[in-house]
Amino acid sequence: MKYCPQYKVKSLSNLFWSKLKPFPPRRSTSHYQSPALAAMALRSFFNVLKSGRNPSRINAFLMRSFSAYGRFVKKDLFSRIIPIGDPNQSVAPVLDKWVEEGNKVKGLDLKSIIRDLRSRRRYTHALQVSEWMSSKTEGFLTPADHALKLDLIGKVQGVDVAENYFNSLRDQDRVEKTYGALLNCFVRDCAADKSLSLLQKMKEMGYASTALTYNCEMCLYANIGQLEKVPDVLSEMKEANISPDNFSYRICLNSYGARSDLDNMEDLLKEMEHLQHVSVDWSTYAVVANHFIKAGIKEKALIYLRKCEENVQRDSPGYNHLISLYAGLGNCKEVKRLWALRKANRKRQSNKDYITVLGSIVKLGEIEEAEKLLREWEASCEFYDFRVPNTLLIGYCQKGWPEKAEQMLRDIVKQGKTAIPNSWSIVAAGYVDKDNMEKAFECMKEALALQSQSKAWQPKTRVVSIILNWVKVNRANEVESFLSSLNTVPRFDQKTIDLWEMVSADGSNEDIMQEKNL
């Protein structure tokens with residue numbers, strides 16, 4: 001399988017839990033060393049002996065166990081940090097306690113933790129670890145450390161705070177890496193003037209010596225909708241004797257495709273195919289195929305889909321992309337063939353794999369096949385991820401069967417599983433589309449009752465607005481409690497709630513709602 005940090009994290013997590021669950025958690029003392037680990041390994045070894053497994057499997061099990069425990073010891077500090085999922089809960093006390101217990105903290109370990117948290121998109125906690133490290137090792141941070149911290153500040157606290165941090169750095173720390181990190185913050189924020197000004201300064205200082213800087217410039221033009229300027233940046237790179245990398249070419253390919261300039265897109269792909277330092281992998285062909293699918297040019301799309309498949313490895317996420325792309329072509333036969341091929345190449349399919357294939361099958365209208373796939377997943381899944389059945393709930397509602405979706409969801413709940421708010425929200429939207437507002441209101445209340453379990457969930461403003469209009473007319477005594485429930489949803493569209501709270505009891509402000517189409 002091609003290396004991907006996200007997949008690596010998942011595989012390590014699964015291994016950690018499968019090997020460590022039978023034993024009590026490691027006690028955080030400096031005396032807990034290899035003898036205890038050896039005792040645990042011996043106990044597991046004797047348990048395996050009792051099970052009657054053959055010697056080769058016993059040896060493999062023992063090696064896996066020692067390997068898992070080795071990683072556990074190495075990442076013990078991380079194992080204390082990772083369970084803190086709430087970004088509002090600081091990890092600094094965990095770090096302080098670790099030191100108070102007499103444990104040493106190495107800079108390399110902290111940097112590894114920061115990068116791991118960042119790869120999991122836990123930017124707030126990553127920044128907290130970075131700031132803790134800065135407070136303990138002031139004056140010993142490298143420009144790379146400052147660049148990483150600057151990037152995290154931009155993600156968590158905003159571009160203005162990131163710019164202030166950059167301006168506070170010593171002259172010797174303002175190097176190409178830190179300038180590049182600030183540029184990335186500006187580009188991510190679509191701050192065109194600041195980005196272009198900083199880019200010009202970097203070029204004058206000789207800090208535009210790699211493809212990364214020019215890639216940022218291309219991303220900027222793509223983000224602000226000036227796609228026609230992307231190829232010019234690629235040409236500028238070549239003139240400056242800076243070799244474009246895979247990402248450079250892919251941004252440019254996308255810019256041509258988004259502008260429906262498919263001839264130049266193909267010419268650029270052919271150029272890539274003749275370059276030794278550029279790897280034209282399955283994802284590149286998938287990008288090109290996708291643009292031909294969007295353009296409705298089926299024959300060309302099929303050519304590049306076949307090239308994409310030729311470059312997909314046995315255990316590659318490329319299968320999921322291919323399945324989605326063939327679904328976009330309306331080719332159910334190829335979707336089923338690729339799913340069978342993926343299952344043949346890998347014994348166990350992930351929840352993400354099932355989400356992809358179920359979504360594709362539902363998109364193609366094969367509801368019975370989707371029901372069969374869901375039963376297959378339920379029989380084999382280790383963790384009941386509601387995003388998987390949600391794909392079928394969406395399919396039912398798109399068919400105009402919200403009643404069937406609701407019954408399926410209630411059956412799942414009866415099995416002792418706790419639904420996520422989005423599941424009930426999907427059903428509520430289905431009832432809204434059928435103009436069954438009483439059921440829509442009931443399902444939305446179910447969703448709001450569960451929102452504390454999924455703080456990232458956001459109900460659709462359109463659906464909520466329609467339900468609110470109905471509640472005001474038909475359930476006036478419940479308007480206030482419903483608005484209170486909506487107020488508990490983090491980052492929900494406050495404008496909708498504020499406008500509704502402006503509507504007086506006699507309806508004198510009704511025109512405000514009508515003007516806003518709420």
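**Exercise 1. Two loops with an unusual backbone angle**

Task: Place D435 in the chain, then describe its backbone and its exposure.

Solution.
Step 1. D435 sits in the loop that links helix 24 (421–433) and helix 25 (437–449). The model is predicted.
Step 2. The phi of D435 is positive, about 60°, although D435 is not a glycine. Most residues other than glycine have a negative phi.
Step 3. The relative accessible area of D435 is 62%. The cut-off for exposed is over 50%, so D435 is exposed.

Task: Work through S260 in the steps used for D435: where is S260, what is its phi, and is S260 buried or exposed?

Solution.
Step 1. S260 lies in the loop between helix 14 (246–258) and helix 15 (262–273).
Step 2. S260 is not a glycine, yet has a positive phi of about 60°.
Step 3. S260 has 58% relative accessibility and therefore counts as exposed.

**Exercise 2. The overall make-up**

Task: Give the helix and strand counts of the protein chain, its buried share and its share of long-range contacts.

Solution.
Step 1. The protein chain has 29 helices and zero strands.
Step 2. The protein chain has 518 residues, and 44% of them are buried.
Step 3. Take the contacts with a separation of 6 or more. Of these, 57% are between residues 24 or more positions apart.

**Exercise 3. Helix 18 and its surroundings**

Task: Why is helix 18 described as largely enclosed?

Solution.
Step 1. Helix 18 spans residues 318–328. Its buried residues are G318, Y319, N320, L322, I323, L325, Y326 and A327.
Step 2. That makes eight of the eleven residues, so the rest of the structure largely encloses helix 18.
Step 3. Now find the partners. The buried residues of helix 18 pack against helix 16 (282–294), helix 17 (298–310), helix 19 (332–345) and helix 20 (351–363).
Step 4. Look just past the end of helix 18. There G330 takes a positive phi of about 80°.

**Exercise 4. Aromatic rings**

Task: How many aromatic pairs does the structure hold, and how are the rings of Y285 and Y304 arranged?

Solution.
Step 1. A search of the whole structure gives ten aromatic pairs.
Step 2. Y285 and Y304 form a pair with 6.4 Å centre to centre and 20° between the planes. Planes under 30 degrees apart count as stacked, so this pair is stacked.
Step 3. Y285 belongs to helix 16 and Y304 to helix 17, so the pair ties together parts 19 residues apart in sequence.
Step 4. Y285 and Y304 are both buried.

Task: Name the members of the aromatic cluster that contains F166, and find the charged groups over the rings of F166 and Y123.

Solution.
Step 1. F166, Y179 and Y207 make up one aromatic cluster.
Step 2. R174 lies over the face of F166, 5.6 Å from the ring centre.
Step 3. The charged end of K155 sits over the ring of Y123, at 5.1 Å from its centre.

**Exercise 5. Nonpolar cores**

Task: Which residues touch the most other members of the largest nonpolar core?

Solution.
Step 1. The largest nonpolar core has 95 residues. L305, Y326, V357, L392, M444, I467 and F482 touch the most other members.
Step 2. Follow L392. Leaving out residues up to four places away in sequence, L392 touches V362, I367, A370, E371, L374 and M408.
Step 3. A second, separate core has 41 residues, including I114, Y179, A181 and C216.

**Exercise 6. Two polar contacts**

Task: Compare the settings of D151 and K194, starting from their helices.

Solution.
Step 1. D151 is in helix 8 (residues 143–156), and K194 is in helix 11 (residues 192–204).
Step 2. D151 is buried at 4% relative accessible area. K194 is partly exposed at 36%.
Step 3. The D151 side chain makes a polar contact with the N184 side chain (3.4 Å). The K194 side chain makes one with the side chain of E163 (2.8 Å).
Step 4. Set aside neighbours within four places in sequence. D151 then contacts R118, N184, C185 and R188. K194 touches D160, E163 and F186, not counting residues up to four places away.

**Exercise 7. Cysteines**

Task: How many disulfides does the structure hold, and which cysteine sulfur is nearest to that of C219?

Solution.
Step 1. The structure holds zero disulfides.
Step 2. The nearest cysteine sulfur to C219 is that of C216, 6.4 Å away.
Step 3. C219 is partly exposed, with a relative accessible area of 23%.

Definitions and conventions: Residues numbered from 1 in each chain as written. Predicted model: local features only at pLDDT ≥ 70, side-chain atom pairs only at ≥ 80, totals over all residues. Heavy atoms only, no water. Buried < 20%, exposed > 50% of the residue type's maximum accessible area, 1.4 Å probe, protein only. Helix = DSSP H or I, 4+ residues; strand = E, 2+ residues; numbered from the N terminus. Contact = heavy atoms within 4.5 Å. Phe/Tyr/Trp six-rings, centres within 6.5 Å; stacked < 30°, edge-to-face > 60°. Lys NZ or Arg CZ within 6 Å of the ring centre and 35° of its normal. Disulfide = S-S within 2.5 Å. Core = buried A, V, L, I, M, F, W, Y, C linked by side-chain atoms within 4.5 Å. Polar contact = N/O pair within 3.5 Å; in protein donor to acceptor, adjacent residues only side chain to side chain.
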